[in-house]
Each structure stands twice: as structure tokens, then as C-alpha cells.
Amino acid sequence: MAKYIVKRIILAIVTIWAVATLTFFLMNLVPGGPFLSEKAISPQAQAALEAKYGLDKPMFQRYLNYVTSAAHGDFGDSLKQRGRTVMSIITMKFPVSARVGGLSVLVSLTLGIPLGCIAALKRGKVTDSVISVVATCGIAVPSFVICTVMMYFFGVKLGVLPTMGLETAKHYIMPVTALSFYPTAYIMRLMRSSMLDVLGQDYMRTARAKGLAGGKILFKHALRNAILPVVTYVGPMLAYTITGSFVVEKIFVIPGLGGEFIKAINGRDYTLIMGTTIFLATLVIVMNVIVDIIYKIVDPRIKLK
Amino acid sequence: MAEYLVDIKNERLSFFTPAGEVKALNDVSIQLKEGEVLGIVGESGSGKSVTAYSLMGLTAHPGKLLGGELHFNGHQIEKMTDKEMRKIRGNEISIIFQDPMTSLNPVYTIGNQITEVIKLHTDKDSKQAKARAKELLELVGINEPDKRLKQYPHELSGGMRQRVMIAIALACEPKLLIADEPTTALDVTIQAQILELMMELKDKLGMAIIMITHDLGVVASMCERIAVMYAGRIVEYGTTDDIFYHPKHQYTKGLIRSIPRLDTKEHERLIPIEGTPVDLLNPPEGCPFAPRCDAAMKICLREMPPVSAFGDVHYTQCWLNQKEEFEKGASHE
């Protein structure tokens, strides 16, 4: 186990370096720059700004500088939001996105897993068809449609839910619902198909032949075997969801990391782009390691090497 | 009533599939006394397993019991609710399945899977159940039981897993053990060991066994009585001697002809039964075996033969025996 974790940490460092390198060069290949959009800026002022942030140096030199300081934990200052470091922006915005995202993952799991099980148990019956149709819709309908439809009905027509910001618990309802739609539907489908597979296994027949009751068979013998694909999906999904959705944050005016990331790209805020990308990559890698460890706990046949 | 441990009378069971009704069991009757071993032989799809599963109330969807009575140890199985059945399953009737590789849950330890059934049917606590599980593993001939209890199924060989399955089946000292082709998935040396173990345990614990197999060698060495099944019917039923030395049904005769014998000459060919099993979706009107029978008569294709009995336990359903009786009757007059 210790050997495995050491190996994963080394691999993680290599992966993050590769992601950072790729992002750095791709980002610099895109035309434009952080200070082009500013009004009434003289060429001298622009040159001074570029010199201050080291943007006048050749690309490879800048890359080396960035990697060296990033390796020391310094992700630099934001180019657009003067006087603020990349780290301070991430630590300020991430908790907001994480609250909304975390809640929506929780909602997707608590709805998706039982509904998927029910669909599998009632295979071919009306319940199964209804759940399957809802799941297909959930996967097919994009989140901005769900957001606007909800806003129209609950925010404008009925006026029961606030449409922007995150001040009270009520504010969370619509964004969380919108964000959980897709993952709930996806988990439901995963759960249904893996549960159907497990229900046909010989050891389920053994469990029945032992005289166990239906609930015990389902929760002890079926669920643990059927949940593996869901675990695989939820790990990376959690990483993406808690870092914020641009669409949902934009529509509901939530000051989260997702919106910040897109703003950084549009404004060519190079350091912020790098910072958020590395942050997301790290999170995904950490989630994958956690998934592997959970896998090992759920299914003893899996060996971590 | 109490005379027999198992008394199945005229059981009829069908599977209602989208393609139509599959008549899996037609008028199946089986009697078995305590401590007896009954072999059910027949080819795939002849209804061997379905008979046994229905006795445990484990008929799979879309199967439905249409008629008949199933008595077991004073219970009337077909009238019991699932909740009542659960008290019998794994307790009074146990089953060993064909494939030990897939019959154990891969994510739980052997110990967990054995103690589960003990805790369910007895009021032993965890510690006592564990002690019993260890005892059971010793009983089925598994070495280092303490270590095995903590292992997972994938860490054991096929033969060992089947021993564990037997341990689970015997955990509550059942009156009846159903063995559904327990050795089919194992290699020959392990097969012999497992059969030997089953017979040994039968003598030790005094349970009855229903042995489902398509291996006539297995039934010959183990069983006191044999039921030969074909197309969801018991075509011949009798003691092992009756079946092997005085077979009365053409199908039984065919089966016995198709076993290799020690005295077979070197280049002599085995005689197989020609043709394929009947389609139970559209069973023929007369005897189901008639299309493959080399002694079939006109009446065989038209009408189902009645039961002809030879002594107390040996009976068969074949027109040829009726013919013999007719002739016998005619010559007496």
C-alpha cells in the first residue's frame, strides 16, 4: 500500500508537469495578450507592464521561470486582477464552487443509486420505463436549458426561488438541481446496468438458496458488487463538479471558480489559467487515487500495484 | 404423508416466455424417504434442475407452478409464502450448485459467507457461528480452517470452493441436500473426491440427497433410486438395479447403450441417441421421445402412454410395455 502511494505520487508529479507544459505552450500560441484590451494604453506603458510580468522574455525562458517558481509553490500574481495572487483567487473562489458542486454530487448519489436499483429490480415494468426516460432526458438536455426553464418557472412565474447569488439556503436549490441533473441521470443508468448484471450472477442464487430476505440480498450481496462502476465515475466527476460549472455559475451569478477560469482564458490571464488548470489536474489525480483505494476496499480481488 | 420426506405429486410447471408457454414440467412425481439418495438424470433442458428448484421455491421468473402438490417434511411447499419458505431454505433444504467458481460472492470472505447462514437460521452469536464455521470446514476436509475463513473465494481452487459450498449447505444440518451437477465444473480427480465426501457426510449426518446429473456413472455409484427425465417428464423411475439391469423405457436403454463399458471391444463404436431434444414450446402430441425412438409405433406419435408399473418402485411411461402387457393378457385368456 505504501509503495503504491509513493508510486502514485511520483506519477502524479509527472502528470501535473505534463499538463502544465502542454497548457503553457498552447495558451501562448493563442493570439492576443493580457494587456491588449485595456483602453488608452500607450505602447510604452504596455512594454513596461510586459517587462514587469516578464512577458517580454522568449517563450521558453518564461516557461522555465514559471516551472521553477511553481515547483516552489509560487503561482505568481494575476495579470488582470492587480495586486492579487493566483493562490488567493483560487482559495477565495474554490469554496464557493465546492459548496454548490459538493451538494450536487451528494444529491446525484442519493437519487441516482436507489433509482438505478429500483429500475433494475423492476426491469421491463412501468417504473423502469419511467426512470429510463427521465435518465435519458437528464443526459440529453444541456444544463443551460434546465437553468433557464427553472428560472422561468420558479424564479419568474411562481417567484418562490431567488434567481441570483448564494446568500441563503434557498439560493442553492436551483443551481444545485441544475448541476445534479446530468450526474444523477448518468449514475442511474450505470447503476441500473451493473445491477442487472449482478442480479443474474450465480452468487445471487446462492444467497436466495440460503434463505436470506430480499433486502439483505440486495444490500449485502448485490449492492457492493454493483456499485463499482459508480465509484469509478464519481471520483473524477466530483473533481469536475466542485471546481465549478461556467454555465451554471454565469446564469445564477455565483462567484465561483468555474466562471473565474473562463474569465481568465478570455482575458489571457496567463498565470491564472495555469494556476486553475494545475489545480483541477491535481484534484482529478487525487480523486483517481481515492477511487483506486475505495475500489480495493469494495472488491478484494483488486490488487494495487 | 409422513412416510416420505419428499413427496411431489403431479407437478406441472411452465415458463411463460415472450415466444409462448414452455412446458418445463409435466406430471412429475417424486418420492424420497429420509436418508435416501435419489438421482435425477436426463439431458440438458429435461427439467432436472427446475424440479429441484421448485421444491425450494426458487423457480425463476417467468416460471409458474400450474398444478400438483409438493410435500416436504410435513410442509406443503406450493402453499407457503416466501417468508415461510425462507425459514426452510438453507436450513431444512440446502443446495449445491454446478459452478463453484461463480456461486460464492467474490467480495466477502469465506467465513462471512458460512457464518451468514448459521446466524440466519440458528440463534448462535458471531463467536459461536465462527466456531461452527471452522468445524464445518474441517468436516468438508479443508485444511487450515482458521486461515481459510479469512480468505476470499478467488484465493481458493475450484475443488476447495465446492467444499466451501458444501459446508454452507450443511451448516444447519439439512434434511435434504440438493446437488445440482456438483461435479460438472470440476476435473475428474476432484470430482471423485467431492462425491466421496458427499457420501461420507450423508452417512455421518443422515440427510437425504437429490443428485441431479447427466453422468450415469455418478448415479450408479451413489444413488439408491433413479428418475430418468425427458422433456419435462419422468419417463422411468426405479431402483438403481432396475434402471441399469432392467431398463424398460427406450430412452433409458439408449442412455445406457451410450456409456462406454470396460468390456467394449477396441473398434466397437458407442451407440448414441440420434436426433435432438424436443422443443418444449411445441411438444409433440404423443410420447415426447417418439421422434427419436427406433422402436416407435403409430400410437406413440398420437397418444401419451399410460404408466406401467413393475413391482413397487419401478415404473415407466412407454407404449412398448403396454404392448407386452396386452400380449401377456391375451395369451392368458
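## Pairing strands

Two strands pair if DSSP finds at least two bridges between them. This is a predicted model, and chain B offers a good case to start with. There, β6(B) and strand β7 (residues 176-180) pair in the parallel sense over four bridges. Within that pair, I96(B) stands opposite A179(B). Strands of a sheet pair through backbone hydrogen bonds, either parallel or antiparallel.

## Two chains, two make-ups

Chain A has 13 helices and zero strands. Its elements, read from the N terminus, are therefore a run of α after α. The C-alpha atoms of chain A fill a box of roughly 85 × 60 × 30 Å along the principal axes. Buried residues make up 34% of its 305 residues. Of the contacts in chain A with a separation of 6 or more, 74% link residues 24 or more positions apart.

Chain B mixes its elements: 13 helices and 12 strands. Its radius of gyration is 21 Å, close to the 20 Å that the globule rule gives for 333 residues, so chain B is as compact as a globular protein of that length. The C-alpha trace spans about 75 × 55 × 40 Å along its principal axes. Of the 333 residues, 44% count as buried. In chain B, residues 24 or more positions apart account for 62% of the contacts with a separation of 6 or more.

## The eight-stranded sheet of chain B

Eight strands of chain B form an open sheet with mixed pairing. Their order is β6-β7-β8-β3-β9-β10-β12-β11. The edge strands are β6 and β11 (307-310), and each pairs on one side only. From one strand to the next, the twist averages 20°.

Next to β6(B) in the order comes β7(B). Five bridges join β7(B) to strand β8 (residues 208-213) of chain B, and these two run parallel. One bridge partner pair here is I178(B) with I210(B). Strand β6 (residues 93-96) of chain B is covered on both faces. I93(B) and I95(B) lie on one side, S94(B) and I96(B) on the other, and all are buried. In a regular strand the side chains alternate between the two faces of the sheet.

## Helices on the sheet

Helix α1 (residues 48-55) of chain B packs on this sheet. It touches β3 (37-41), β6, β7, β8 and β9 of chain B, and its direction makes about 150° with that of β8(B). How many of the residues of α1(B) are buried? Eight of its eight residues are. Among them are K48(B), V50(B), Y53(B) and L55(B). Just after α1(B), G57(B) takes a positive phi of about 70°.

Helix α7 (residues 158-170) of chain B lies across β6 and β7 of chain B. It runs at about 175° to β6(B).

## A residue in β9(B)

V228(B) is found in strand β9 (residues 225-230) of chain B. Is V228(B) buried or exposed? A residue counts as buried if 20 or more other C-beta atoms lie within 10 Å of its own. V228(B) has 26 within that distance, so it is buried.

Its contacts beyond four places in sequence include V41(B), G42(B), I234(B), I243(B) and Y251(B). A133(B) is 95 residues away along the chain, and its C-alpha atom is separated from that of V228(B) by 36 Å.

## The four-stranded sheet of chain B

Chain B also has an open sheet of four strands, in the order β2-β1-β4-β5 with antiparallel pairing. β2 (20-32) and β5 (75-76) stand at the edges with a single partner strand each, so one side of each is left without a neighbour in the sheet.

Strand β1 (residues 6-17) and strand β4 (residues 63-72) of chain B run antiparallel and are joined by eight bridges. S14(B) stands opposite K64(B) in β4(B).

## A helix pair in chain A

Helix α4 (residues 86-121) and helix α7 (residues 169-199) of chain A pack at an angle of about 35°, with their axes 6 Å apart. The crossing of α4(A) and α7(A) is right-handed. The residues of this contact divide into 23 nonpolar, seven polar and two charged.

## Where the chains meet

At the interface, 18 residues of chain A are in contact with 22 residues of chain B. On the side of chain A, α8 (202-209) and α9 (214-226) each supply at least two residues. The largest share, six residues, comes from α8(A). The residues on this side of chain A divide into six nonpolar, five polar and seven charged.

Conventions:
Residues numbered from 1 in each chain as written. Chains lettered and ligands numbered in written order. Predicted model: local features only at pLDDT ≥ 70, side-chain atom pairs only at ≥ 80, totals over all residues. Contact = placed C-beta atoms within 7 Å. Nonpolar A, V, L, I, M, F, W, Y, C, P; charged D, E, K, R; others polar. Rg over C-alpha atoms; globule rule 2.2 N^0.38 Å. Buried ≥ 20, exposed ≤ 12 C-beta atoms within 10 Å, placed from the backbone. Axes fitted to C-alpha atoms, helices over the stretch in contact; angles between N-to-C directions. Left-handed = near helix turned anticlockwise from the far one by under 90°.
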